[in-house]
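Visitor: Could you show me around this one? I keep hearing terms whose cut-offs nobody explains.

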Amino acid sequence: MENTPFTVADYLLTRLKQLDVTEVFQIPGDYVKHFTQALENFPGVNAIGNINELDAGYAADAYGRTRGLAAISLQYGVSTYSALNAIAGAYVERSPIVVISATPGADARQMTKMYDVLFHHSTGNFQADEEIFRHVTVAAETLSTSAGAPEKIDNLLIAALTHQRPVYIACYKEVWGEPCPQPSGTPLQAIVPQSDPLALENAVNTAWAQITAATKPVIFAGVEVLRHGLSDLLQQLIDASGFLYTTTTLGKTVLDEKGDKFIGTYADAASIQSVTDVVTAADCFLTLGTIITDDYLWFIENKYADMVLATTEQIRAGYFIYEQVTMKDFMEALLVRFKTTKGYPLSVTAPPQPKFPEPWISNSDPVYDAQPNVITYNRFFQHSMQFLDQQNMLNKIIMTFGVSSSLYVATNAYGLYKNTFLSSAAWQVIGYETGAAAGAQLGSGKRAWTIAGDGGFMMICQSLSTLSRNKLNAVIFVMSNKVYAIEQVYVDMDAFKPGPEHTFDTFDILPEWDYLALAQAFGADGYRVTTLDELNEALHMLKDTTDRPSLVEVVIPQKDLPGQMRRLGLE
């Protein structure tokens, strides 16, 4: 029997396997058939068939955040364009994904030249996919031949690892199936950039002067620390400096939320009062790996000059910017200063964490104080977080959130473990959370614990089928109030006032779905809870589910306005 040749597709799959990518999220297509056929028969890498491109894209994003690299295989044009939103979010929020595709081949291109044929899925510009994806990746390449394919594939993978962002690779249709040399047995590694020694010294000196002049310094940590494997270094800085620390919403769980230095997550007006008080009083922010979005306009307007900022793109102390200085080198140099300078670590401790049932009870909409069994956003988190803590489940789950009222309420949580809070907090996608569940669970090995708005769930509900197909015991809680509540907050918050004269805008009103029937159709367990008693009963039933997803409709009042969102809406 003739040996099957080792192909370009096999080369990429081998490299991915070496980097612990054991699942590839996939949408089939005829152009990319040589890759998908190779994937189907490749040992050690499983094809995860997704329902649509956003389902695959969000799953790959969450997998990249938890595993360190992800891959998604897409059809040319109609498929890649549909996934563009998810890949853009991964680009913004620093999730490394290898986007794999194929274009019409050499024969199709010749026919187009000769006969002006428009091939299916094409705009007429065969390079359009690559041109578009160059805007949301750190490297993009279309291979017209197998010659030089190994080096080009390696360079793309190294770019994804180095920048912790997506890359795009396509081949002419036939090239994925062409013979190719096998790679070495050594896994690829990220490039470690080196700082200019003088620039590093100047940056550290300027930052150190600002840090040592402060009386109430705080470390403000962000997601890049986690993505680039610098969490241990961050912990050493906290220990050596004695500084209190907080995180952005996107950077939540950059470390285990333990110890007496974590003040809580800073989410602007959605923060609890003790966090806001520390941030307001601070006179220096050692801001590390933090992506500053428009959720933090107050912070920028009031604390910009107090920032010592280190990211993968910039080092800044006050108003002075330093080039050719890496975040890692900068952090290591500051660590040496703290360890060798008298007076450090500081002996300050964070304010006491809110004592249960806080912070939930005081942030719950007071309109429902007289109805103690009604579920509100804050009461949902009050009871579900208590359940997870009491059942010792916090270290066994990974939470996923799109942009929703639930996301901002959830930022008040304490006690979570490192890299167990995934959110679309910067790109702000409605619906990310349900699509992300499969990738989060497959990538981390932990159970996905997803809280979705009903509007977000409706956008990507087919992802429940992907979870069922792969026998994943993820839980999807749908906060069912039949409106885009977060959108209404920013359009006209008066709609939440009691009385029929206060109504939601028509564009924020959702259709009514039968979630129990939907769960059955997709092969999931279904629950509907309308009271706290029913919620607590369902939580105990969910604990023992092992091989199928669960969909829980959490019925909340349409006009429930959590305190976190009320404060954000008033800004």
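Guide: Sure, let's start just after helix H15, where asparagine 392 takes a positive phi of about 55°. Keep in mind that this is a predicted model, where local features need pLDDT of at least 70 and side-chain atom pairs count only at pLDDT 80 or more, while totals for chains, interfaces and linings use all residues. Residues are numbered from 1 along each chain as its sequence is written, and side-chain values use heavy atoms, leaving out hydrogens and water.

Visitor: What makes a stretch like H15 count as a helix?

Guide: Helices are DSSP runs of H or I with at least four residues, strands are runs of E with at least two, and both are numbered from the N terminus. H15 covers residues 377-390, which is 14 residues, so it clears that minimum.

Visitor: How do you know that the span of H15 agrees with what is expected?

Guide: The expected span is 1.5 Å times one less than the number of residues. For the 14 residues of H15 that should be 20 Å, and the end C-alpha atoms are 20 Å apart, which agrees.

Visitor: Why is H15 called largely enclosed?

Guide: A residue is buried if its relative accessible area is under 20%, exposed if over 50%, and partly exposed in between (1.4 Å probe, protein chains only). In H15, 11 of the 14 residues are buried, so the rest of the structure largely encloses this helix. Among them are Tyr377, Phe380, Phe381, Met385 and Leu388.

Visitor: Which helices do the buried residues of H23 pack against?

Guide: They pack against H14 (360-363), H15, H16 and H20. The buried residues of H23 (563-570) are Gly563, Gln564, Met565 and Leu568. Contact here means heavy atoms within 4.5 Å.

Visitor: Why is threonine 66 called buried?

Guide: Threonine 66 has 18% relative accessibility, so it falls under the cut-off and counts as buried. This residue lies in helix H3. Not counting residues up to four places away in sequence, threonine 66 touches Ile398, Asn419, Leu422, Gly439, Ala440, Gly443 and Ser444.

Visitor: What makes something a polar contact?

Guide: You need a pair of N or O atoms within 3.5 Å; within protein, one must be able to donate a hydrogen and the other to accept it, and residues adjacent in sequence count only if both atoms are side-chain atoms. The side chain of threonine 66 reaches the backbone oxygen of alanine 62 at 3.0 Å, and a polar atom of that side chain lies 3.2 Å from the backbone oxygen of tyrosine 63.

Visitor: Which side chains make a polar contact with the side chain of glutamate 553?

Guide: One is serine 480, at 3.0 Å, and another is arginine 528, at 3.1 Å. Glutamate 553 sits in strand S18 (550-555), and its 5% relative accessibility is why it counts as buried.

Visitor: Is threonine 349 buried or partly exposed?

Guide: Its relative accessibility is 44%, so threonine 349 counts as partly exposed. You'll find threonine 349 in the loop between H13 and H14, touching Leu244 and Asp260, not counting residues up to four places away in sequence.

Visitor: What makes one empty space a pocket and another a cavity?

Guide: On a 1 Å grid over the protein atoms alone, a cavity is a set of points where a 1.4 Å probe fits but cannot get out, while a pocket is an open set with protein on both sides within 12 Å along at least five of seven lines; lining residues have an atom within 4 Å of a point. Grid points are joined across faces, edges and corners, and a volume is the space filled by probe spheres set on the points. The largest pocket has a volume of about 640 Å³. Of its 27 lining residues, Thr162, Pro193, His228, Thr312 and Thr326 are the closest to its centre.

Visitor: How many cavities are there?

Guide: The count comes to six of 30 Å³ or more. The largest cavity has a volume of about 130 Å³, and of the 17 residues lining it, Ser404, Gly453, Asp454, Ala485 and Ile486 are the closest to its centre. H18 gives the largest share of that lining, three residues. The second largest cavity holds about 50 Å³, and H4 gives the most to its lining, with four residues.
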